[in-house]
Amino acid sequence: MTIRTELKHSWIIMIKEFRQLFRKKALLVPLFLFPIIMIVFFGYGMGGTVKNAPILIVNDDTGTASGPLVQEIGSYTPKYGGNPMFSITYTKDMSQSEAESKIDAGLYKAVLLIPHDYSDRVAKNESTTLTLLTDSSDTTTSGIIINFMKQFLAKAGPVSLNIPKIYGDLEYLDFLTPAVIALTIFFGSVATTGSAIAGEKQDGTIVRILMTPVSKRSVILGKTLYQLILQLARAVILIFAAFAIMGFKMNGSWLLVALVLVIFTLGGVGLGIVMSAIADDMESFFQLNMLFTLPSMFVTGVFFPLSSIPDWMRYIAYLLPLTYANNAMRAIMIKGQGLNAISTDLIILSLFALITFTAGVRLFRREA
Amino acid sequence: MEPIIEVRNLTKIFLSRGKKITAVDDVSFDVFNGEIFGMIGPNGAGKSTIFSMLTTLIKPTGGSIKVAGFDVGKEDDRIRPIIGIVPQKLSLYPDLTARENLELMGNLYDVPKPVMEERIDYYLKLVGLETHADRFTGGFSGGMKQRLSVICAVIHDPEIIFWDEPTTGLDPQTRQAIWKLARKFNGEGKTLIFTTHYMEEADKLSDRVAVMNLGKLVALDAPGILKEKSESANLEDVFIRLTGEEVRD
Ligand SMILES: Nc1ncnc2c1ncn2[C@@H]1O[C@H](COP(=O)(O)OP(=O)(O)O)[C@@H](O)[C@H]1O
Ligand SMILES: [Mg+2]
């Protein structure tokens, strides 16, 4: 058979998959809506506002330039809320560790430390760095406060904010969005590929297809093309939704994001084929799927930074491909990093795709 | 008569949970060009397994098969386009319409679009499904599915049709209709191979009947001669005599 014919067959299979997809309304909704809801749900909490959150400002500034800044923070009242956001306590000469212990004791939700040379530097038009400590046990409030401070200080001139530890200097939405995209694409490609094949095995249609002159290669290629288009479309919709609803800003290269997602989708399709080959029907496929994907969801640092989980969990995380996809997606989308920064992640993800795909093609038999 | 299918010493052994199952045991026969070839035998006799091997779906453990002069296993690409298959387990996409199922098959067999559309309309009318063309097959009755499966199998105008238990579980009217179809296709010069549980059906329809039991071919001849040889009034008695009385599952 010529390559042309094989490609034509793949195209036919791909069209068939799309046609079936659009018939399955019950599948379409979670496929596109669920991840958006997830981002809104988690992101909204972070983008909202707080009332009278107790905050300590440690003002070591020897000059007077910090006065108006501090006052403005103290009196800030959000547009649609009657109450000021913060209830502020002022002090000076407190070390960072002492401030941390006050947060741990639950006295404050956050501490803002203003350095002694603040006024000097502002006068010389040099950049200064304020330190913001937040209560990492309350990610919602922390996220809101960090968000607010960042926006607020952006207006105050060359002032940058140092936020130790939490999400490594990321806002929660920034932290969340790239990983939710990776997770969505991965779960989606595994589940839709696997359940479709398991279903086709169950009703005998896949065997029927393989009785025609179509090669196994063409069938797999057709299904893969379908997944690539579907998953990339989901990613674009997600990024757009995060932007439109939450104001998420993409800092890196779209091309690199696409590269990571294509490789990761290939791995997901491969894994879906492998799992559907092991399972005999839909039900056993979904059980197998749960076994693999649930740990991925909680261990790989989608919702919490890897640094916040126990060591033994972290070791499991390093065995799961989603960890590397999260890492790469965050590096590109938030930090705007390039190919160099994600090369290790890309190599591991490519290996994952290669292994699952090879196994999948082998296990995907004509014999049913 | 010239053979269109040549089966020699065909054997298939399945490995199932460490146990060897000899589904087909050293079977040899020819199918002649243009005949209706029936295959009867109790459940598990190996009929479907033979079909799967003849249609290039599974590989034999031993023996050789030629279909239209092409070697199964070496020249599958040449064989698949000229055979049409109605599997025992009907396999239609339930979320595609009748027409879409037909088009999918036509496309996968590279039937040119105008020819395909013409054939689809013709065949849908032939089997009385023209008013159901745009319904999802998930809601079809057993008989409708069987009729649709048949025309799915001939949309590329194959030379040989494999038909695995075409009438099992169908009402008498639908069975009659299926027989008529079989004769029609045969009248157009197509070779037809089918399996069945019904002696009456094998008797009425086939030019020759192969009797299978426990993976072995126990008899092969025209229905009349089979009856004569075993001095039986009907094929049912021939069958029981050849395959024993115990019930298989
Ligand atoms: N894929 C398979 N794996 C293991 N055993 C099989 C498989 N397919 C068929 N068999 C066994 O081979 C024998 C013949 O089955 P089959 O060809 O379906 O018989 P028939 O179609 O005549 O009812 C049966 O014992 C069946 O259980
Ligand atoms: Mg059978």
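Author: Let's start with a term we will need: a salt bridge is a side-chain nitrogen of Lys or Arg within 4 Å of a carboxyl oxygen of Asp or Glu. Please keep in mind that this is a predicted model. Between chain A and chain B the count is four salt bridges.

Reader: Thanks! What makes A:Arg19 and B:Glu100 a salt bridge?

Author: Their closest approach, N to O, is 3.6 Å. The cut-off is 4 Å, so the pair qualifies. Eleven residue pairs are also in polar contact between chain A and chain B. On the side of chain A that touches chain B, helix H1 (3–23), helix H7 (172–202) and helix H8 (205–211) each supply at least two residues. H1(A) gives the most, with nine residues.

Reader: How do you know how much area is buried between chain A and chain B?

Author: Buried area is what the two parts lose in accessible area on being put together, summed over both. For chain A and chain B that comes to about 2,500 Å², with carbon and sulfur atoms giving 60%. In chain A, the residues that lose the most area to chain B are A:Arg23, A:Arg208 and A:Met211, together 28% of what that side buries. The contact takes 27 residues from chain A and 29 residues from chain B.

Reader: Why is A:His9 called buried?

Author: Buried means under 20% relative accessible area. A:His9 has 0%, so the word applies. A:His9 is found in helix H1 of chain A. Leaving aside neighbours within four places in sequence, its contacts include A:Pro213 and A:Val214 as well as B:Asn107 and B:Leu108.

Reader: And what makes B:Ser48 and B:Gln88 donors to the magnesium ion (ligand 2)?

Author: Donors are N, O and S atoms within 2.8 Å of this metal. The OG of B:Ser48 and the OE1 of B:Gln88 coordinate the ion at 2.0 to 2.1 Å, so both pass. The pair links distant parts of the chain, 40 residues apart: B:Ser48 is in helix H1 (residues 47–54) of chain B, and B:Gln88 is in the loop between strand E6 (83–86) and helix H3 (98–108).

Reader: Why are B:Ser48 and B:Gln88 called partly exposed?

Author: Partly exposed lies between the 20% and 50% limits. B:Ser48 has a relative accessible area of 27% and B:Gln88 one of 40%, so both fall in that range.

Reader: How do you know that B:Lys190 and B:Asp157 form a salt bridge?

Author: The closest N and O atoms are 2.4 Å apart, and the limit is 4 Å, so the pair counts. The two residues are 33 residues apart in sequence, B:Lys190 in the loop between helix H6 (172–187) and strand E8 (191–196) of chain B, B:Asp157 in the loop between helix H5 (142–154) and strand E7 (160–163). B:Lys190 counts as buried at 5% relative accessibility, whereas B:Asp157 is partly exposed at 41%.

Reader: What makes A:Arg314 and A:Asp311 separated by about one helical turn?

Author: They are three residues apart in helix H12 (residues 311–317) of chain A, which is why the separation is about one helical turn. Their side chains meet in a salt bridge at 2.3 Å, N to O.

Reader: One last thing: what makes the phi of B:Asn9 worth a mention?

Author: Most residues other than glycine have a negative phi. B:Asn9 is not a glycine, yet has a positive phi of about 50°. B:Asn9 lies in strand E1 (residues 3–16) of chain B.

Notes
Residues are numbered from 1 along each chain as its sequence is written. Chains are lettered from A and ligands numbered from 1 in the order in which they are written. This is a predicted model: local features need pLDDT of at least 70, side-chain atom pairs count only at pLDDT 80 or more; totals for chains, interfaces and linings use all residues. Side-chain values use heavy atoms; hydrogens and water are left out. Donors are N, O and S atoms within 2.8 Å of the metal (3.2 Å for Na, K and Ca); water is not among the atoms, so sites may look incomplete. Helices (H or I, at least four residues) and strands (E, at least two) are DSSP runs, numbered from the N terminus. Buried means under 20% relative accessible area, exposed over 50%, partly exposed in between (1.4 Å probe, protein chains only). Contact means heavy atoms within 4.5 Å. Buried area is the accessible area (1.4 Å probe) that two parts lose on being put together, summed over both. A polar contact is a pair of N or O atoms within 3.5 Å; within protein, one must be able to donate a hydrogen and the other to accept it, and residues adjacent in sequence count only if both atoms are side-chain atoms.
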